[in-house]
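Me: I would like to go through this model with you and ask, for each label, what justifies it.

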Amino acid sequence: MDADLYYWTRALRPVQWYPGHIAKTEKELKEQLKLIDVVIEVRDARIPLSTTHPQMDLWLGNRKRILVLNREDMISTADRNAWAMHFSRQGTKVVFSNGQLGMGTMKLSRLAKSLAAGVNVKRRAKGLLPRPVRAGIVGYPNVGKSSLINRLLKRRMCPAAPRPGVTRELKYVFFWFLFLNCDIDVKLTRKRKDLELLDSPGILPMRISDQAAAIKLAICDDIGERSYDVADVAAILVQMLAKLPTVGMKALQNRYKIDVDGQCGKMFIEKLALRLFNGDVHQAAFRVLSDFRKGKFGWVALERPR
Ligand SMILES: Nc1nc2c(ncn2[C@@H]2O[C@H](COP(=O)(O)OP(=O)(O)OP(=O)(O)O)[C@@H](O)[C@H]2O)c(=O)[nH]1
């Protein structure tokens, strides 16, 4: 699939975002990471490779780290098993989660605390009181960072929305939580006093040279719509779905009642526009993307371990 994608995307308008506030966010994030005991890196389970920040390894060095593949509900069990095996072979600690429903958050919280337990061993040895473990949540836009934090805290402390770029600043959420609840709900604060969470805005690389990865980010709604041509992206999605053994041309044909030429997604979108949207290609393209994002073709990962 990746070789096809490379070929298909060569002639398209490149997916591109404007560096704007990226440099500022990067600088702030690097500063904040110095205060963090354990980093929780969130990726989109449908595209764990394309949601890997190329500089993350450099920034994190040998800092304690947990990899979270969020949106586990949007991939099949076979995809999940393939990724679990891949990361376990690499010796990487991975947690599969669902930020909407909270699956995986208990394991995540336990793992974060156990990985950073050494912090308080050292503090005690120095005669200091223990302090909460500080976990920083990082990852691309819209992968589910804020939803996961809300689930971890069982409170809506961070705005979460179905569009990229909602979180705009670094924010310690647990400080607020303690402050707001210390008198009212002592049991709750005691229970969770051992973990502090830092939410951060979605971070993208300044430039992306891998257009196949960029298209997948667009398909999965992990970058803003201004960065890409919706019709181009939907056409590529049609070609990808036609090729996927678990979807195939038949599923497209049945859903939209249009003949599919697996080689030409653009023609498919144009036919759909004529059939349902008075020739409006943008609306037709948006329908296909939104059907994919809602799981109308089943839950499929767009990447498998290489
Ligand atoms: N199906 C599904 N949807 C999820 C999951 N996690 C989050 N979402 C949805 O994905 C959208 C984005 O989630 P956010 O938590 O706002 O993502 P974010 O990474 O904080 O986004 P930025 O603020 O842009 O960095 C929201 O509509 C969530 O409800 C999940 O595991 N499964």
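Me: What share of the contacts in the chain with a separation of 6 or more comes from residues 24 or more positions apart?

Reply: Residues 24 or more positions apart account for 72% of those contacts, a contact meaning heavy atoms within 4.5 Å. This is a predicted model, in which local features need pLDDT of at least 70 and side-chain atom pairs count only at pLDDT 80 or more, while totals for chains, interfaces and linings use all residues. Residues are numbered from 1 along each chain as its sequence is written, and side-chain values use heavy atoms, with hydrogens and water left out.

Me: Why is strand 1 described as largely enclosed by the rest of the structure?

Reply: Buried means under 20% relative accessible area, against over 50% for exposed and partly exposed in between, with a 1.4 Å probe and protein chains only. In strand 1, residues 38–44, 7 of the 7 residues are buried, so the strand is largely enclosed by the rest of the structure. Both faces are covered, with Val-38, Ile-40, Val-42 and Asp-44 buried on one side and Val-39, Glu-41 and Arg-43 on the other. For the chain of 306 residues, the buried share is 51%.

Me: How do you know that strand 1 pairs with strand 2 and strand 4?

Reply: Strands (E, at least two residues) and helices (H or I, at least four) are DSSP runs numbered from the N terminus, and two strands pair if DSSP finds at least two bridges between them. Strand 1 shares 7 bridges with strand 2, residues 64–70, in the parallel sense, and Val-38 has Lys-64 as its bridge partner there. With strand 4, residues 133–139, strand 1 has 5 bridges and again runs parallel; Glu-41 stands opposite Val-138.

Me: Why is the pair of Trp-83 and Phe-87 called stacked?

Reply: Rings of Phe, Tyr and Trp (its six-membered ring) pair if their centres lie within 6.5 Å, and planes under 30 degrees apart count as stacked, over 60 as edge-to-face and the rest as tilted. The structure holds 3 aromatic pairs. In one of them, the centres of Trp-83 and Phe-87 are 5.7 Å apart and the planes at 25°, so this pair is stacked. Both residues lie in helix 4, residues 77–90, 4 residues apart, about one turn of the helix, and both are buried.

Me: What makes the pair of Tyr-256 and Phe-268 edge-to-face?

Reply: Tyr-256 and Phe-268 have 75° between their planes and 5.8 Å centre to centre, which gives an edge-to-face pair. Tyr-256 belongs to helix 12 and Phe-268 to helix 13, 12 residues apart, and both are buried. Ring pairs also bring in Phe-297, forming a cluster with Tyr-256 and Phe-268.
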